[in-house]
Amino acid sequence: MEVLTIDANKGLAVKFLADHLNIKPEEVIAIGDSQNDLYMINYAGLGVCVKNGRDVVKEHAKYITENTNNEDIIATLVDGEAIIPSEKVETIKKVVEEIA
């Protein structure tokens, strides 16, 4: 069971960070699998649900991956499924390397 407050959710957190970094919602990619990810997926310009995500999340997502959340979704999105514009791939790879 997940308990959420009305004042905090992943969507508000992503919006706060995007606003702070001057990133437009349409430039945000959010990946999730459960109902607590819905606000974030709905906020993002590209809301992604993993293959084994809940049906309600798949209904809200603009894209459903071919892999589960137990596989390397970021690498798949960047390298394999090519849903990210090529001009953004190098930037994403650098960010992922920095936080890995």
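A salt bridge is a side-chain nitrogen of Lys or Arg within 4 Å of a carboxyl oxygen of Asp or Glu. This structure holds two of them. The model is predicted, and this report walks through its elements, its sheet, its salt bridges and its surface.

**Overall layout**

The chain has 100 residues, and 32% of them count as buried. Five helices and three strands make up its elements. Read from the N terminus, these elements follow the order α-β-α-β-α-β-α-α. The accessible surface of the chain is about 6900 Å². Carbon and sulfur atoms own 54% of that surface. Now take the contacts in the chain with a separation of 6 or more: 20% of them join residues 24 or more positions apart.

**The sheet**

How are the three strands arranged? They form an open sheet in the order β1-β2-β3, with parallel pairing. Strands β1 (29-32) and β3 (63-64) stand at the edges. Each has a single partner strand, so one side of each has no neighbour in the sheet. In general, strands of a sheet pair through backbone hydrogen bonds, either parallel or antiparallel.

Start with the pairing of β1 and β2. These two strands run in the parallel sense and share four bridges. Within this pairing, Ile 29 stands opposite Leu 46 in β2. To get from β1 to β2, the chain crosses through α2, and this β-α-β crossover is right-handed.

Next comes the other pairing. Strand β2 (residues 46-49) is joined to β3 by two bridges, and these strands run parallel. Val 48 has Tyr 63 in β3 as its bridge partner. Cys 49 has Ile 64 in β3 as its bridge partner. Here the chain passes from β2 through helix α3 (residues 55-60) to β3, again in a right-handed β-α-β crossover.

Is strand β2 covered or open on its faces? Both faces are covered. Leu 46 and Val 48 lie on one side, Gly 47 and Cys 49 lie on the other, and all four are buried.

**The two salt bridges**

The table sets the two pairs side by side.

| Acidic residue | Basic residue | N to O distance |
|---|---|---|
| Asp 37 | Lys 10 | 2.6 Å |
| Asp 19 | Lys 15 | 2.7 Å |

Take Asp 37 and Lys 10, whose side chains meet in a salt bridge. What does this pair tie together? Asp 37 lies in the loop between β1 and α2, while Lys 10 lies in helix α1, so the pair ties together parts that are 27 residues apart in sequence.

Is Asp 37 buried or exposed? It has a relative accessibility of 3%, and buried means under 20%, so Asp 37 counts as buried. Its partner Lys 10 is partly exposed, with a relative accessible area of 36%.

The loop that holds Asp 37 runs between β1 and α2 (38-43). Leaving out residues up to four places away in sequence, Asp 37 touches Lys 10 and Gly 32. Gly 11 gives another link between distant parts of the sequence: Asp 37 and Gly 11 are 26 residues apart along the chain, yet their C-alpha atoms are separated by 7.5 Å.

The pair of Asp 19 and Lys 15 forms the other salt bridge. Where do these two residues sit? Both are in helix α1, four residues apart, so about one helical turn separates them. Asp 19 is partly exposed, at a relative accessible area of 41%. Lys 15 also counts as partly exposed, at 35% relative accessibility.

**A nonpolar patch on the surface**

Which residues make the nonpolar surface patch? Phe 16, Leu 17, Leu 21 and Ile 23 do, and the patch covers about 400 Å². One of them, Leu 21, is found in the loop between α1 (10-20) and β1. Leu 21 has a relative accessible area of 49% and is partly exposed.

**Putting it together**

The sheet is open and parallel, in the order β1-β2-β3. Its strand β2 is covered on both faces. Outside the sheet, Asp 37 in its loop meets Lys 10 of helix α1 in a salt bridge. Another salt bridge joins Asp 19 to Lys 15. On the surface, Leu 21 is part of the nonpolar patch with Phe 16, Leu 17 and Ile 23.

Note on methods
Residues are numbered from 1 along each chain as its sequence is written. This is a predicted model: local features need pLDDT of at least 70, side-chain atom pairs count only at pLDDT 80 or more; totals for chains, interfaces and linings use all residues. Side-chain values use heavy atoms; hydrogens and water are left out. Buried means under 20% relative accessible area, exposed over 50%, partly exposed in between (1.4 Å probe, protein chains only). Contact means heavy atoms within 4.5 Å. Accessible areas come from the Shrake-Rupley method with a 1.4 Å probe; for residues, only the protein chains shown count as cover. Two strands pair if DSSP finds at least two bridges between them. Patches are made of residues with over 30% relative accessible area and no salt bridge: like charges are joined within 9 Å, nonpolar side chains (Val, Leu, Ile, Met, Phe, Trp, Tyr) within 5 Å. A crossover is right-handed if, with the strands pointing away from the viewer, the path from the first strand over the helix to the second runs clockwise.
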